[in-house]
Amino acid sequence: MLPTCPPIPDVRKIAVLRAGGLGDLLFALPAIEALRAAYPGAEIVLLGREGLADLLPGRFPAVDRAVAIPPARGVGQPEDYPEEPNILASFFAAMAAERFDLAFQLHGGGGFSNPFTRRLRARVTIGLKAPEAAALDRWVPYVYFQPEVMRYLEVVALAGARPTVLAPRLTPTAADRAEAARALPADGRPLAVIHPGATDPRRWWPTERFATVGDALAATGARVAVIGHEENERALVATVCEGMAADAADLRGRLSLGGLAALLARARVVVGNDSGPLHLAEAVGAATVGVYWCFNLINGAPFTRARHRPLVSARFDCPICGVNCLTGHCEHRASFVADVPAADVIAVTLDLWERESVERGA
C-alpha cells in the first residue's frame, strides 16, 4: 500500500510533464488515472513530446488536453541540445498564464526536468529527485531500480491520488481502427504481430530468430505482420520478412501511432523487444511476449503473467569488449539479449497463442 497524503484543496488545473518516448508515456498512464480519480473536476493537461502528446486525448479519458513542449535540453532532448531561449521563454509564459494549481514531474531524476517544472509557475510542484537535482515542493527520491508504473504512482500519492489500476490502458478510436483496416484488411486469419526494433540496439534480439518465431506462428494458421519505424527500423523489418519461409505483411511506416494501436488491439499475440510498441500492445489489451535485458525487466515489464510473458537475458558484459556494464561503460551497441534462445521464445509464444485461441473460442 502506497503512503498517501491528503488531496490538495481547490485544484482546478493540473499539468503532467512526461516528455520521453512512447513506452515512457505509457508507464505514466496509471498515475494519471489516479489523478483523475482524486481530482475529478480538474482539467488535466499533458505536457509531452511533439508527435506523442496527441496520442492520449480521445483515447485516454483521464487527459483533457495535450500540449507539445518545445525542444528543451534534458527534457525530451539530449543534455547538450542547443536550446532556443526565445521559444522556451514564450512557452513558459503561456504555461504561467494557464495558472496550474499542480504540476507533476514524471520525467526522471529531475536534473533538467525539475527546473523545467518550476518554470511552469504552478501553485504546487511535485515529482522525483535524484541526489543532485533541485527539489520541488513535494518529492520522492529517484532510485533507478523501481518499476516505472509504481514510480509515478508513488509521485502522485504525494497529492492524495490512490491507484485505481496498475497497468496502462488505451482505447483506439474508430478512425484508428479504420486506418488499421486499410493498412491490413482482415482476411479471416488470426493476427500475430512482430516488432524487431527498439530505441537502443542493445535491446535488439536477432532478426533471424524473430523470423523463426514468425514461421512457427504461421504454421498454426496465423497471419503474421511485422511492424517498425520507417526510418530507423526499415532494415530490421525487411530482414525478418525476407528471413521467413511463410509470407509476412511488411507494415513499416504505414501506420500512425493511433493506427498502430488499433492494429495491435486486433492481434492475438504481439512478440517484440522491450520497446514502445510492445508496451502499447499491453495498453490496448493484446497478449505479449517480450525479450528483456535483466534490468529493463525490473523497470518495464508487465506485472502479470497470464497474458504477458517476458523472457530475460542476464548478460552484463559487452559482447564486443567484455566491459562489465554494471561497473563500467563502453560505446559498443551490440545486443545484450541475444543469449535468449529462440526455442524458449517460440515455446512461450505458442503456449500463449493457444491459450488466447481458447479464450476467444477460435
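This briefing walks through some helix packing in the structure above. The model is a predicted one. Three helix pairs come up: α2 with α5, α7 with α12, and α9 with α10. Along the way we also look at how α6 and α9 are buried, and at one residue of α2, Ala38.

**α2 against α5**

- Helix α2 covers residues 29–38 and helix α5 covers residues 148–156; their axes come within 7 Å and cross at roughly 25°.
- That angle is under 35 degrees, so α2 counts as roughly parallel to α5.
- As for handedness, α2 goes past α5 in a right-handed crossing.
- On the α2 side, the contact is made by Pro30, Ala31, Ala34 and Leu35, and α5 brings Val149, Tyr152, Leu153 and Val156.
- Sort those residues by class and you get eight nonpolar, no polar and no charged.

**Ala38, a residue of α2**

- Ala38 sits in helix α2, and its relative accessibility of 24% makes it partly exposed.
- Setting aside neighbours within four places in sequence, Ala38 touches Gly160 and Ala161.
- For a sense of distance, Asp80 is 42 residues from Ala38 in sequence and 38 Å from it in space, going C-alpha to C-alpha.

**α7 against α12**

- Helix α7 (residues 207–219) packs on helix α12 (residues 342–359) at an angle of about 30°, and the axes are 10 Å apart.
- That makes this pair roughly parallel too, and the crossing is right-handed.
- From α7, the contact draws on Arg209, Thr212, Val213, Ala216 and Leu217.
- From α12, the partners are Ala342, Val345, Ile346, Thr349, Leu350 and Trp353.
- The class split for this contact is eight nonpolar, two polar and one charged.

**α6 and its buried face**

- In helix α6 (residues 174–183), the buried residues are Asp176, Glu179, Ala180 and Ala183.
- Looking down the axis of α6, these buried residues fall within an arc of 95°, so they line one face of the helix.
- The background is simple: an α-helix has 3.6 residues a turn, so residues three or four places apart point the same way.
- Turned away from that buried side are Ala174 and Arg182, both exposed.
- Part of the cover over the buried residues of α6 comes from α9 (257–266).

**α9, and its meeting with α10**

- Seven of the 10 residues of α9 are buried, so the helix is largely enclosed by the rest of the structure.
- The buried ones are Gly258, Gly259, Leu260, Ala261, Ala262, Leu263 and Leu264.
- Their cover includes α6, the strands β9 (191–195) and β12 (269–273), and helix α10 (276–283).
- The axes of α9 and α10 come within 9 Å and cross at roughly 60°, so the two helices are oblique to each other.
- Here too the crossing is right-handed, with α9 passing α10.
- Leu257, Leu260, Ala261 and Leu264 of α9 meet Pro277, Leu280 and Ala281 of α10.
- That contact divides into seven nonpolar, no polar and no charged residues.
- Leu260, Ala261 and Leu264 appear among the buried residues of α9 and also in the contact with α10.

Definitions and conventions:
Residues are numbered from 1 along each chain as its sequence is written. This is a predicted model: local features need pLDDT of at least 70, side-chain atom pairs count only at pLDDT 80 or more; totals for chains, interfaces and linings use all residues. Side-chain values use heavy atoms; hydrogens and water are left out. Axes are lines fitted to C-alpha atoms, for helices over the stretch in contact, and angles run from 0 to 180 degrees between N-to-C directions. Helices (H or I, at least four residues) and strands (E, at least two) are DSSP runs, numbered from the N terminus. Angles under 35 degrees count as roughly parallel, over 145 as roughly antiparallel, 65 to 115 as roughly perpendicular and the rest as oblique. A crossing is left-handed if the near helix is turned anticlockwise from the far one by less than a right angle, and right-handed if clockwise. Contact means heavy atoms within 4.5 Å. Ala, Val, Leu, Ile, Met, Phe, Trp, Tyr, Cys and Pro count as nonpolar, Asp, Glu, Lys and Arg as charged, and the others, Gly among them, as polar. Buried means under 20% relative accessible area, exposed over 50%, partly exposed in between (1.4 Å probe, protein chains only). The arc is that of the directions from the helix axis to the C-beta atoms.
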